[in-house]
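Here are some friendly notes to read alongside the coordinates. They begin with one set of ionic contacts and then move outward to the sheet, the aromatic rings and the chain as a whole.

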Amino acid sequence: MTRSAANIVREYGPFPGVEQVGGVTFDGQRVWFAAGDRLNALDPQSGEIERSIEVPAHAGTAFDGQHLFQIAEDRIQKIDPATGDVLAAIPAPGGGSDSGLAWAEGTLWVGQYRDRKIHQIDPETGKVLRTIDSNRHVTGVTWTNGELWHGTWENDESELRRIDPATGKVLERLDMPAGAGISGLESDGNGCFFCGGGRSGKVRAVRRSD
């Protein structure tokens with residue numbers, strides 16, 4: 001296992017009216033982040049919120065290339081980002097204790113925070129296809145270039161972890177600075193992670209240290 005310090009290259013926010021940042025995803029242009037009662041679309045270049053969708057947005061957020069998926073208490077809602085309409089909903093595997101959310105391989109990957117698990121689920125039915133165990137609380141979840149990463153936030157310590165998707169073995173750790181916790185997590189596919197900062201109201205862009 002390799003271990004290094006996370007390199008925070010930019011901080012966004014805090015934003016007016018945003019008390020907490022939950023899930024984070026990236027649609028190729030905008031960073032979407034969950035903020036309790038709305039999903040906000042952030043321009044990562046300007047740092048400005050371009051628009052918001054008023055939907056329950058309590059935890060993880062994902063994008064499948066066309067639709068947004070958002071954890072809303074004990075369910076996962078499928079949302080049209082153009083209109084904000086909720087198109088469908090499936091039960092969340094943790095029944096309300098769910099955290100991160102990611103899209104990969106045609107399926108959703110859901111973090112279950114205190115149970116220290118990541119579930120791969122069918123996006124149409126919510127059926128659990130398989131479960132990966134972690135030894136730390138699971139916050140955000142993301143796939144990037146065939147690698148599975150998840151955030152942790154436990155005992156005031158937070159890190160990014162690359163894990164073996166077959167075994168859950170930790171392959172790499174990026175330690176966040178003290179006070180910089182990770183709630184949501186997403187990769188831009190080009191070496192940058194967008195991390196929700198919980199009650200700081202911030203979104204942070206993080207890279208591996210050189």
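1. Salt bridges overall. A search of the whole structure, which is a predicted model, turns up 14 salt bridges. As a general reminder, side chains of opposite charge can pair when their charged atoms come close. The next three points take some of these pairs in turn.

2. Arg-136 and its two partners. One salt bridge brings the side chains of Arg-136 and Glu-154 together, at 3.8 Å from N to O. Distant parts of the chain are linked here: Arg-136 sits in the loop between β13 (128-133) and β14 (141-144), while Glu-154 belongs to strand β15 (residues 147-154), and the two are 18 residues apart. Arg-136 also meets the side chain of Glu-157 in a salt bridge, with an N to O distance of 4.0 Å. That pair again links distant parts of the chain, since Glu-157 lies in strand β16 (residues 157-163), 21 residues apart from Arg-136 in its loop.

3. Buried or exposed: which is Arg-136? Its relative accessible area is 15%, so Arg-136 counts as buried, the cut-off being under 20%. Glu-154 falls under that cut-off too, because its relative accessibility is 10%. If you are setting up charges, these are the values to have at hand for this pair.

4. A short pair and a network. Arg-161 forms a salt bridge with Glu-159, and their closest N and O atoms are 2.4 Å apart. Arg-161 is buried at a relative accessible area of 6%, and Glu-159 is buried at 5%. Elsewhere, salt bridges that share partners join Arg-116, Arg-136, Glu-154 and Glu-157 into one network.

5. An open sheet of four strands. The order is β6-β7-β8-β9, and the pairing is antiparallel. Why is one side of β6 and of β9 left without a neighbour in the sheet? Both β6 (61-63) and β9 stand at the edges with a single partner strand each, so one side of each has no neighbour there. On average, neighbouring strands of this sheet are turned by 20 degrees against each other, direction ignored.

6. Pairing of β6 with β7. These two strands run antiparallel and are joined by three bridges. Within this pairing, Ala-62 stands opposite Phe-69 in β7. In general, the side chains of a regular strand alternate between the two faces of the sheet.

7. Pairing of β7 with β8. Strand β7 (residues 68-72) and strand β8 (residues 75-79) are antiparallel, with five bridges joining them. Leu-68 has Ile-79 in β8 as its bridge partner. The hairpin has two residues between the strands, and Glu-73 takes a positive phi near 55 degrees in it.

8. Pairing of β8 with β9. Five bridges also serve β8 and strand β9 (residues 86-91), which pair in the antiparallel sense. Here Ile-76 stands opposite Ile-90 in β9. How many residues lie between the strands in the hairpin of β8 and β9? There are six residues between these strands, and Gly-84 in the hairpin takes a positive phi near 85 degrees.

9. Aromatic pairs. The whole structure yields five aromatic pairs. One of them is formed by Phe-26 and Phe-194, a tilted pair with 5.5 Å from centre to centre and 35 degrees between the planes. Phe-26 lies in strand β2 (residues 24-26) and Phe-194 in strand β19 (residues 193-196), so this pair ties together parts that are 168 residues apart in sequence. Both Phe-26 and Phe-194 are buried.

10. The chain as a whole. The protein chain has 20 strands and zero helices. For 210 residues, a compact globule would have a radius of gyration near 17 Å, and the 15 Å of the protein chain agrees with this. Taken along the principal axes, the C-alpha atoms fill a box of roughly 45 × 40 × 30 Å. Buried residues make up 53% of the 210 residues. As for contacts with a separation of 6 or more, residues 24 or more positions apart account for 43% of them in the protein chain.

Technical notes. Residues are numbered from 1 along each chain as its sequence is written. This is a predicted model: local features need pLDDT of at least 70, side-chain atom pairs count only at pLDDT 80 or more; totals for chains, interfaces and linings use all residues. Side-chain values use heavy atoms; hydrogens and water are left out. Two strands pair if DSSP finds at least two bridges between them. Rings of Phe, Tyr and Trp (its six-membered ring) pair if their centres lie within 6.5 Å; planes under 30 degrees apart count as stacked, over 60 as edge-to-face and the rest as tilted. Buried means under 20% relative accessible area, exposed over 50%, partly exposed in between (1.4 Å probe, protein chains only). Axes are lines fitted to C-alpha atoms, for helices over the stretch in contact, and angles run from 0 to 180 degrees between N-to-C directions. The radius of gyration is taken over C-alpha atoms; the globule rule is 2.2 Å times the number of residues to the power 0.38. Contact means heavy atoms within 4.5 Å.
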